[in-house]
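Reader: I am in my first year and would like to look closely at one part of this structure rather than at everything at once. Could you take me through it slowly and explain the terms as they come up?

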Amino acid sequence: MSIDGKYKLEKSENFDVFLDKLGVGFMVKTAAKTLKPTLEVETQGDTYIFRSLSTFKNTEIKFKLGEEFEEDRADGKRVKTVVVKEGDNKFVQTQFGDKEVKIVREFAGDDVTVTATVADVTSVRNYKRL
C-alpha cells in the first residue's frame, strides 16, 4: 500500500486541550482549532516528507527513519525529533525538548489516524484521502 498522497482532516478530538498542554498561544490555538488542514505525504527513496497545509500555516518535516533531525514545534520551540516505523503502516514521531511529544500516524487504506500526546493529554485527528 502506498501512503503517498493528500489527506483532508475529517474529525478532530481534544486538539484544543492538546495545544493548551503544549503551551501554544491563544491566537495560534484559536486559528488552529478552526482549520481543516491537508496532510500531504511523499516518499523519495528512503526519505519521507510529511506536509501539513492550511490557509493559516504550512509545515513540513523531511526525514529518514531512525535519524534525528530538528524541527520547529507548533508552540514555536525548536526540538530534536526522531521518527521510527512500526509494522507496515505506523510512523511514531517523538519530539524531545522541554516537553516530550509523541505523534503517531497510522495509515489504513484511505484513512490516516494521527494521535498526538503530551504529558497526560492525547488528541486524535482523522484524515481521509482526497
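The part I have in mind is strand β10, so let me start with a small detail: which residue in β10 does V112 stand opposite?

Author: V112 stands opposite Y127 in β10. Before going further, please keep in mind that this is a predicted model, in which local features need pLDDT of at least 70 and side-chain atom pairs count only at pLDDT 80 or more, while totals for chains, interfaces and linings use all residues. Residues are numbered from 1 along each chain as its sequence is written, and side-chain values use heavy atoms, with hydrogens and water left out.

The chain has two helices and 10 strands, where helices (H or I, at least four residues) and strands (E, at least two) are DSSP runs numbered from the N terminus. Along the sequence, their order is β-α-α-β-β-β-β-β-β-β-β-β.

Strand β10 covers residues 121–129, and with β1 (residues 5–13) it forms an antiparallel pairing over six bridges; two strands count as paired if DSSP finds at least two bridges between them. Within this pairing, S12 has R125 of β10 as its bridge partner. Strand β9 (residues 111–118) also pairs with β10 in the antiparallel sense, over eight bridges, and this is the pairing to which your V112 and Y127 belong. Two residues lie between the strands in the hairpin of β9 and β10, where A119 takes a positive phi near 55°.

There is also a link to a helix, since β10 and α1 (15–22) are among what covers the buried residues of α2, contact meaning heavy atoms within 4.5 Å. Those buried residues of α2 (residues 26–34) are K29, A31 and A32; buried means under 20% relative accessible area, exposed over 50%, and partly exposed in between, with a 1.4 Å probe and protein chains only. They lie on the same side of α2 because they cover an arc of only 165° around the axis, the arc being that of the directions from the helix axis to the C-beta atoms. On the face of α2 turned away from that buried side, you find the exposed residues F26, M27 and T34.

Stepping back to the whole chain, buried residues make up 39% of its 130 residues. Among the contacts with a separation of 6 or more, 40% join residues 24 or more positions apart. The C-alpha atoms fill a box of roughly 40 × 30 × 25 Å along the principal axes.
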